[in-house]
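Here are a few short exercises to work through with the model open in your viewer. Try each task before reading its solution.

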Amino acid sequence: MSDPVYRPIVLTARTLFTGLGLRIDVVGEEHIPRSGGAILAINHTSYLDFALSGYPAHMVGHRLVRFMAKDGIFKHPVAGPLMRGMKHIPVDREAGSAAFRDAVAALKAGELVGVFPEATMSRSLEIKEIKNGAVRMARTANVPLIPMIVFGGHRILSYDRRDFSRGKPITMTVGEPLPVPRGADPDELTAQLHARMCTLLDETLERYPDKPPGAWWIPARLGGSAPTLEEAERIEERVREEKARKRD
């Protein structure tokens, strides 16, 4: 498949990564199949996660990932045409059945589909509560469900953070596929996926080379100054209230 929009954007992203001097470390890319459909269930801490998390798939036969993303970006006059050209999948959170159907169709057509099951970025850098959509899509399409962790992008571009200085480490871990039996309970499988993502996060953080005490980019439980999960939820609640006030 030529993908005349997507492949030039991949080249541009890789050029940007080189320009930023990113030190990218990937483990487990062999778990991504060289052909056929699969879901990548990815943690979310950065606005760059869409670009970064496609890197391991590109290592495996230059495969492309069709990401599920909020439909708002598809309405943007510049980003919208690019998102559609790359065949990403819009998600309307008020009516998610169309996105589910489109993702399953892409999986059955042999595509890799990227899902961020936490839905929004994690301020704590821990794995938040996750939705069961990834499990249900994998079960319906009968494809592998592959957990994946990306860590480090939040130091470049995230909530209230913009730092394009060179040389930051980006560490990624692709886990083994989780079994998704057709008759299994999706909530139980989602709990298993959450636990596996937490384990992979620990493995990824163990390899991450830049963990000074008190660093804002490191989870609190490891001596960093990122908010805890509970503190992050309180921040999220304040943000939601502020957005509601602005709408009113």
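**Exercise 1: the sheet**

In this predicted model, an open sheet of 7 strands follows the order E1-E9-E6-E2-E5-E3-E4, with mixed pairing. Task: find which strands stand at the edges.

Solution. Strand E1 (23-27) and strand E4 (89-91) each have a single partner strand, so one side of each is left without a neighbour in the sheet. From one strand to the next, the twist averages 25 degrees. Now add a helix: H8 (residues 186-207) packs on the sheet and touches E1, E2 (38-42), E6 (145-151) and E9 (169-174). The direction of H8 makes about 35 degrees with that of E6.

**Exercise 2: strand E5 and its surroundings**

Task: state in which sense E2 and E3 run relative to E5, and how many bridges join each to E5.

Solution. Start with E2, which runs parallel to E5 and is joined to it by 4 bridges; here Ala38 has Leu112 as its bridge partner in E5. Next, 3 bridges join E3 to E5, again in parallel, and Arg66 stands opposite Val113 in E5. Then check the faces of E5 (residues 112-115): Leu112 and Gly114 are buried on one side, Val113 and Val115 on the other. Finally, step outwards: E3 (residues 65-70) pairs with E4 in the parallel sense over 3 bridges, and Met68 has Ile89 as its bridge partner in E4.

**Exercise 3: a pocket**

Task: describe the lining of the second largest pocket by class.

Solution. The volume of this pocket is about 320 Å³. Of its 15 lining residues, Glu118, Thr120, Lys128, Glu129 and Glu233 lie nearest the centre. By class, the lining has 9 charged, 4 nonpolar and 2 polar residues.

Technical notes:
Residues numbered from 1 in each chain as written. Predicted model: local features only at pLDDT ≥ 70, side-chain atom pairs only at ≥ 80, totals over all residues. Heavy atoms only, no water. 1 Å grid on protein atoms, 1.4 Å probe; cavity = no way out; pocket = protein on both sides within 12 Å on 5 of 7 lines; lining within 4 Å. Points joined across faces, edges and corners; volume = space filled by probe spheres on them. Nonpolar A, V, L, I, M, F, W, Y, C, P; charged D, E, K, R; others polar. Pairing = 2+ DSSP bridges. Helix = DSSP H or I, 4+ residues; strand = E, 2+ residues; numbered from the N terminus. Axes fitted to C-alpha atoms, helices over the stretch in contact; angles between N-to-C directions. Contact = heavy atoms within 4.5 Å. Buried < 20%, exposed > 50% of the residue type's maximum accessible area, 1.4 Å probe, protein only.
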